[in-house]
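Take a moment to look over the model before reading on. Turn it around and try to follow the chain from one end to the other.

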Amino acid sequence: FPAVGLLEESLAPSLSAVLRFGIASVALLPLLKGLRKEAVWPGLEVGAWLALGYVGQAIGLQSTEASSAAFISSLTVVVCPFLLALN
């Protein structure tokens, strides 16, 4: 979170997210060689939701401190099992 906060000071949140995901995509491109075709669309959907979450965090970092954002983001580890139990 501190590194993302520093990145946000110099770039817009959407541009920094594109930069981060672009670098990760290029690095992981060789792993797509043996991917089954039926896994592509579900993978793209999950990736889109994940990217939306990262962009939301980056926008949130503009108005709060990195430590607060890290605490709120880590609450998903506690909240998700409770939501699963309600289902």
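The paragraphs below go from the overall build to a pocket and then to two residues.

Keep in mind that this is a predicted model. Start with the helices and strands. The chain has five helices and zero strands. Follow the sequence from its start, and the pattern reads α-α-α-α-α.

Now consider the overall dimensions. What does the C-alpha trace span along its principal axes? The spans are about 40 × 40 × 15 Å. The radius of gyration adds to this picture. For the chain, the value is 16 Å, whereas a compact globule of 87 residues would have one near 12 Å.

Next, look at the surface. How much of the chain is buried? Buried residues account for 10% of the 87 residues. The accessible surface of the chain is about 6900 Å². Carbon and sulfur atoms make up 73% of that surface. Charges are part of the picture too. The chain carries 4 positive and 5 negative charges. Take the mean position of each group, and the two points lie 20 Å apart.

Then turn to empty space. Rolling a probe the size of a water molecule over the atoms reveals where such space is left. In this model, the largest pocket holds about 470 Å³ of space. Its lining consists of 16 residues. Which of them lie nearest the centre of the pocket? They are Ser 25, Leu 32, Gly 43, Leu 44 and Gly 47. Helix α2, residues 13-28, and helix α3, residues 40-60, each give at least two residues to the lining. The largest share comes from α3, which supplies seven residues.

Helix α3 also holds Ala 58. Is Ala 58 buried or exposed? Its relative accessible area is 3%, so Ala 58 is buried; the cut-off for buried is under 20%. Ala 58 also shows how the chain brings distant parts of the sequence together in space. Ala 12 is 46 residues away along the chain, yet the C-alpha atoms of Ala 58 and Ala 12 are 8.8 Å apart.

Finally, go to helix α1, which covers residues 2-10 and includes Leu 6. Why does Leu 6 count as exposed? Leu 6 does so because its relative accessibility is 56%, and exposed means over 50%. Leu 6 has a distant partner in sequence as well. Leu 61 lies 55 residues from Leu 6 in sequence, but the two are 9.9 Å apart in space, C-alpha to C-alpha.

Conventions. Residues numbered from 1 in each chain as written. Predicted model: local features only at pLDDT ≥ 70, side-chain atom pairs only at ≥ 80, totals over all residues. Heavy atoms only, no water. Helix = DSSP H or I, 4+ residues; strand = E, 2+ residues; numbered from the N terminus. Rg over C-alpha atoms; globule rule 2.2 N^0.38 Å. Buried < 20%, exposed > 50% of the residue type's maximum accessible area, 1.4 Å probe, protein only. Areas by Shrake-Rupley, 256 points an atom, 1.4 Å probe, with all protein chains shown as cover. Lys, Arg positive; Asp, Glu negative; His and termini not counted. Charge placed at Lys NZ, Arg CZ, Asp CG, Glu CD. 1 Å grid on protein atoms, 1.4 Å probe; cavity = no way out; pocket = protein on both sides within 12 Å on 5 of 7 lines; lining within 4 Å. Points joined across faces, edges and corners; volume = space filled by probe spheres on them.
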